[in-house]
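Q: Got a structure to go through. Can we start with one helix and then move on to the sheet?

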Amino acid sequence: WEEYRRIKSGSDKHVVSPNQYDTERIGKNPTTPRTKEKNTTSSLARKKGNVNESKNMNLMETPFNSRPLPTPEDGLNCCEMKIVRIKPSKKPCFFTERFPNRILRIENGLDSAPPQKLVTSRGMKYTLASGKVMQEKKGLRPQFNNEKRIELVYIKTQGLQKELEKICSFSLMKPEKVVARLAHLQSEAHKILYIDMRYIEWIEEEGHEGCGFYPEGFFNDWGRKKYDAMQVRILGPKIGLAKGMLLRKRGITRIQLPESMRKAPPSRTCDERWAAVVIKNVYPSEENNQLGRHLDPEGAPAKSWREKVRKPLSSMYQRMLIGYGVKESDVTKYTKQSRHPNKLRHAHLRGCTDPTGKLPEHKVFISGYISSSDNSCELFGKVHKKVYLSRSPCLEPFDAKLVSVVGTKPKGMSDDDWKMLCSLKFGTIIFPKSTLFDPLPCLIADGDLDGDDYFVLYDEEILNHLLHSKDKLTAKSRKLLHKLELPDGAGLTINKKSKFSKNADNKWLAKAQDNML
């Protein structure tokens, strides 16, 4: 209400009035400081094929024109009359870097009038390039429901189709796939870095399921924190588009991408060697970082995290546990207790592929340390040898499994590789490579490793019931929970390699736009 009164009285300088809904620049914006670019690209470096490298030998400057400053029109709703607080996005996206100062964003409600393929602003024509459905959070109270909206990106350029073909060969893909891939270029990122193609190599698929690797220390010059894994989109004329997870790995000098990460073929009209690493998220997440510090007897989570009351366990997971024979009273009891940190016995961990290639089939490694029964600091797998594993959405009886956790160095794994695994912070669940069996992630509610979170439950009381109860329903469910095979008829779902046409479609952009609208 204080916000509403400021708007009505006109005392808030950072509010756009209803009659300002055009795309003109709205003067000086005190909330948008002009930051100087530390590493600007020289005019010589902007020429085709000539890019200066930064101090980190792995990274280079952007191969495009200098990055634009955030402008007030980014994010404005140009189709509806609303009062909107100016919040220029601080996060980059690939489109704004590839086409600086030529982007027009329009936000539409899903029930609004259908948008057009071409729009005119200030006498300039813009062409529809991509669209993405967004979930706008209104508030936590029931009366402020979340609202879905569509964000459309228009680009001012002649021959947009030819410009996009210089990035990837979209003409070899189905229109619905093109829409999804263009949306990746529109999405906001944590960071965008540029490297030369010589630092990337494709590797054979061995049950990677969308997860590759990057060399230890490769991104050390970027940021002050060191991360274990990152969710990325990697694109460029020589690579096409790759999407998935990257986990750090010792003993390599290039970023390694399995075939399951390939989502678009390389360009057939451009031979430039730059590659953009669009970092969507970094891991462990802040929530798992704090939980790991809480579980580790030598760690100390932040006070705000300890005092935070969490959301109750999802009703979906509650129904699954009850369906497997766990008493409803026990599930309800744990649901209430788990809202407080001291009783929390589950986590959502990011799935990745084994970088060592030595984890046993059908076993997982969970990173981080935990307090044992005698309050000593031990690896997670040494304290919890079995976990209940699932993911969202889980609806079928075979969507969850009881899986063994590695707690000691496996046979055949080197000391250095084991040391590297043990150095990972809490927040990652690592699946074994698979050559002889179905990939383990595919057995967990048809999951993969290109960015999926996995629900890991390690509550002793519930696990003891699932493992040892003589109840008929639980005894029957136990066989299903231990059966590490794909259900009948699901054999084709594990082949997730992208397929492309051999014949180019010269009208692919128009067809993709039809799908967007």
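Q: Which residues of α13 are exposed?
A: This is a predicted model. In it, Lys472, Lys476 and Lys479 are exposed on α13, on the other side from its buried residues.

Q: And which residues of α13 are buried?
A: Thr474, Ser477, Arg478 and Leu481 are buried in α13, which covers residues 472-482. Viewed down the axis of α13, the buried residues fall within an arc of 115°, so they line one face of the helix.

Q: Why would residues spaced like that point the same way?
A: An α-helix has 3.6 residues a turn, so residues three or four places apart point the same way.

Q: What covers the buried residues of α13?
A: The cover includes two helices, α7 (315-323) and α12 (460-468), and two strands, β19 (386-390) and β20 (401-405).

Q: What caps the N-terminal end of α13?
A: Asp471 does, with a side-chain oxygen 3.1 Å from the backbone nitrogen of Leu473.

Q: OK, sheet now. In what order do the six strands close into a barrel?
A: The order is β15-β21-β16-β20-β19-β22, with mixed pairing. Neighbouring strands of this sheet are turned by 45° against each other on average, direction ignored.

Q: β16 and β20: parallel or antiparallel?
A: Parallel, with two bridges joining β16 (residues 363-366) to β20. Val364 stands opposite Val405 in β20.

Q: Back to α7. Which strands does α7 lie across?
A: α7 lies across β15 (346-353), β19 and β22 (453-457), and runs at about 125° to β19. Both α7 and β19 are also among the elements covering the buried residues of α13.

Technical notes: Residues numbered from 1 in each chain as written. Predicted model: local features only at pLDDT ≥ 70, side-chain atom pairs only at ≥ 80, totals over all residues. Heavy atoms only, no water. Buried < 20%, exposed > 50% of the residue type's maximum accessible area, 1.4 Å probe, protein only. Helix = DSSP H or I, 4+ residues; strand = E, 2+ residues; numbered from the N terminus. Arc of directions from axis to C-beta. Contact = heavy atoms within 4.5 Å. Polar contact = N/O pair within 3.5 Å; in protein donor to acceptor, adjacent residues only side chain to side chain. Pairing = 2+ DSSP bridges. Axes fitted to C-alpha atoms, helices over the stretch in contact; angles between N-to-C directions.
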